[in-house]
Amino acid sequence: MLAQPLPKDCFLQQIAVADIGAFAAHVFENREDMLGKRVELAGGELAGRHVATALTIFRRETVEYQQVPLEQIRAFSEDMALMYEWFEKGGYQVDVDSLRTTYPDIGWHGYIDWLAELDEGVFSPQD
């Protein structure tokens with residue numbers, strides 16, 4: 001079960017930690033070109049139902065998506081509830097295609113790429 005307080009068709013932009021590190025290295029290596037620039041980062045975007053499907057493929061067992069009532073999150077943390085409300089209203093709006101074109105040396109990971117590279121191989125397809 002993949003449970004989140006977002007509708008299953010709500011797209012959420014995400015980024016792999018490795019891509020954040022690669023971009024930071026790019027900034028240091030290209031200091032002069034990057035001075036004064038603000039660059040928002042995202043490796044891709046998927047809706048919850050897409051994430052559940054990807055997990056189903058990699059785990060070789062069904063992963064269902066379930067929307068958790070936002071009030072359950074709010075009972076735990078008002079700040080977290082506000083964050084998920086913001087995500088549902090549109091959240092991040094990074095132009096992922098332009099980012100990948102402008103900075104091709106980063107080696108951007110999509111969600112499937114990220115799953116495939118997990119060190120422990122928990123989600124990796126079996127032969």
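Begin by selecting Leu2, Leu6, Leu55, Ile73, Tyr84, Tyr111 and Leu115 in this predicted model. Within the largest nonpolar core, which has 19 residues, these are the members that touch the most others. Next, colour α3, α4 (residues 70-76), α5 (78-88) and α7, since each of these elements gives two or more residues to the core. The largest share, five residues, comes from α3. Then select Phe23, Met34, Val96 and Tyr103, which are among the nine residues of a second core, separate from the one just viewed.

Return now to α3 and display residues 48-59 alone. The distance between the C-alpha atoms at the two ends of α3 is 16 Å. This agrees with expectation, because 12 residues at 1.5 Å a residue should span 16 Å.

Which residues of α3 are buried? Select Gly48, Val51, Ala52, Ala54, Leu55 and Phe58 to see them. They lie on the same side of α3, because the arc they cover around the axis is only 160 degrees. The general geometry of a helix is helpful here: an α-helix has 3.6 residues a turn, so residues three or four places apart point the same way.

To see what lies over the buried residues of α3, show the elements that cover them, including β1 (2-4), β3 (44-47), β4 (65-67) and α7 (111-116). Before leaving the helix, select Arg60, which follows α3 and has a positive phi, near 60 degrees.

The tour continues with empty space. The model has one cavity of 30 Å³ or more, and the largest cavity holds about 30 Å³ of space. Select its lining: Gln4, Cys10, Leu12, Gln14, Leu46, Ala47, Gly48 and Val51. At least two of the lining residues come from each of β2 (11-14), β3 and α3. Gly48 and Val51, viewed earlier among the buried residues of α3, appear again in this lining.

The last stop is the largest pocket, with about 190 Å³ of space. Which residues line the largest pocket? Select Leu12, Gln14, Ile15, Ala16, Gly43, Gly44, Glu45, Leu46, His109, Gly110, Tyr111 and Trp114. Here β2, β3 and α7 each supply at least two residues, and β3 gives the most, with three. Keep Tyr111 selected to finish: it is part of this lining, and it is also one of the residues that touch the most other members of the largest nonpolar core.

Note on methods
Residues are numbered from 1 along each chain as its sequence is written. This is a predicted model: local features need pLDDT of at least 70, side-chain atom pairs count only at pLDDT 80 or more; totals for chains, interfaces and linings use all residues. Side-chain values use heavy atoms; hydrogens and water are left out. Helices (H or I, at least four residues) and strands (E, at least two) are DSSP runs, numbered from the N terminus. The expected span of a helix is 1.5 Å times one less than its number of residues. Buried means under 20% relative accessible area, exposed over 50%, partly exposed in between (1.4 Å probe, protein chains only). The arc is that of the directions from the helix axis to the C-beta atoms. Contact means heavy atoms within 4.5 Å. A nonpolar core is a set of buried Ala, Val, Leu, Ile, Met, Phe, Trp, Tyr and Cys residues joined through side-chain atoms within 4.5 Å. On a 1 Å grid over the protein atoms alone, a cavity is a set of points where a 1.4 Å probe fits but cannot get out, and a pocket is an open set with protein on both sides within 12 Å along at least five of seven lines; lining residues have an atom within 4 Å of a point. Grid points are joined across faces, edges and corners, and a volume is the space filled by probe spheres set on the points.
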